[in-house]
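Here are some notes to read with the model open beside you. Take the points one at a time and find each residue as you go.

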Amino acid sequence: MGYCTWAGMNEANQIYHDTEWGIPVHDDRHMFEHLTLECLQCGLSWDLMLKKREIFRACFENFEYDKIASYDDADVERILNTEGMIRSPRKIQAVINNARCYQKIREEFGNFCDYIWSYAGGKTILYQGHDKGPIPVSNGLSDRLSRDLKKRGFKYVGGVTIYSHLQACGIICDHDIECSCYQKIIAGYPTVKKRKDHEVY
């Protein structure tokens, strides 16, 4: 295995890599969970996100965006005072804001997954060269989506954050070509090969 060896750093990473990372997501609640984890991670380590994931699930009612969209100041205080929670009012408020923006996209497109997958034509993108590395931190696709999400009011959705999200939810497949997950994804889901898209390393 090549660069997917990051998964072997610890058990949590291994489980996340083997069972979740890069598997196409078509459920809006699950998609919102992925997006929220990426937003909360800004400036922090992914290891920390995995360690605190159950705390996040408890604080945000399993990432049920309709419930989160109705949160008020009392909920922000409740979350801030939860033991083990990240102490960032701005990030907590951003999650609530994003849930409300998420609802608006669902109203316009029917569901969020249809909206975000439309950027990839409904297929997992296999960028030329990504299967052998190096992997960019952002690209043209993530920057275009980032700009649209920001225009729609989302917070903590820069191009780097969105690129990570696209990897996580399977819109971009960035598993190593020798990784068993790569083979499972190309065998089990519709994919499309594309040239590199203004990569930023």
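**Notes on the model**

1. Let us begin in a loop: Ser-138 sits between strand E1 (124-127) and helix H9 (140-151). Please keep in mind that you are looking at a predicted model. Is Ser-138 buried or exposed? Its relative accessible area is 4%, so Ser-138 is buried, since buried means under 20%. Setting aside residues up to four places away in sequence, Ser-138 touches Asp-143, Gly-159, Val-160, Tyr-163, Glu-199 and Val-200.

2. Two of those contacts of Ser-138, Val-160 and Val-200, turn up again on the surface. Together with Val-137 they make a nonpolar surface patch of about 210 Å². Val-160 belongs to helix H10 (residues 159-168). With a relative accessible area of 45%, Val-160 is partly exposed, because that term covers values between the 20% limit for buried and the 50% limit for exposed.

3. Stay in helix H10 and look for Gln-167. Gln-167 counts as buried, at 11% relative accessibility. How far apart are Gln-167 and Pro-24 in sequence and in space? They are 143 residues apart in sequence, while their C-alpha atoms are 9.2 Å apart. Not counting residues up to four places away in sequence, Gln-167 touches Trp-21, Gly-22, Ile-135, Ile-172 and Asp-174.

4. Now turn to strand E1. In a regular strand the side chains alternate between the two faces of the sheet. Both faces of E1 are covered: Thr-124 and Leu-126 are buried on one side, and Ile-125 and Tyr-127 are buried on the other. The partner of E1 is strand E2 (residues 191-194); four bridges join the two strands, which run parallel. To see the pairing for yourself, find Leu-126, which stands opposite Lys-193 in E2.

5. Helix H7 (residues 89-109) lets you try a small calculation. At 1.5 Å a residue, its 21 residues should span 30 Å, and the end C-alpha atoms are 30 Å apart, so the two values agree. Among the buried residues of H7 are Ile-92, Val-95, Ile-96, Ala-99 and Tyr-102. An α-helix has 3.6 residues a turn, so residues three or four places apart point the same way. Which helices do the buried residues of H7 pack against? They pack against H2 (28-41), H5 (65-69), H6 (73-80), H8 (112-117) and H9. Just after H7 comes Gly-110, with a positive phi of about 95 degrees.

6. For a closer view of H5 and H7, pick Ala-69 in helix H5. Ala-69 counts as buried, with 11% relative accessibility. Leaving aside its neighbours within four places in sequence, Ala-69 is in contact with Ile-96, Ala-99, Arg-100 and Gln-103. Two of these, Ile-96 and Ala-99, are buried residues of H7. Ala-69 and Arg-144 are 75 residues apart in sequence and 25 Å apart in space, C-alpha to C-alpha.

7. Finally, check the backbone at two residues. Phe-63 has a positive phi of about 60 degrees although it is not a glycine. Phe-63 is placed in the loop between helix H4 (53-59) and H5, and is buried, with a relative accessible area of 0%. His-198 is not a glycine either, and has a positive phi of about 50 degrees. His-198 lies in the segment after E2 and counts as exposed, at 66% relative accessibility.

Conventions
Residues are numbered from 1 along each chain as its sequence is written. This is a predicted model: local features need pLDDT of at least 70, side-chain atom pairs count only at pLDDT 80 or more; totals for chains, interfaces and linings use all residues. Side-chain values use heavy atoms; hydrogens and water are left out. Patches are made of residues with over 30% relative accessible area and no salt bridge: like charges are joined within 9 Å, nonpolar side chains (Val, Leu, Ile, Met, Phe, Trp, Tyr) within 5 Å. Accessible areas come from the Shrake-Rupley method with a 1.4 Å probe; for residues, only the protein chains shown count as cover. A salt bridge is a side-chain nitrogen of Lys or Arg within 4 Å of a carboxyl oxygen of Asp or Glu. Buried means under 20% relative accessible area, exposed over 50%, partly exposed in between (1.4 Å probe, protein chains only). Contact means heavy atoms within 4.5 Å. The expected span of a helix is 1.5 Å times one less than its number of residues. Two strands pair if DSSP finds at least two bridges between them.
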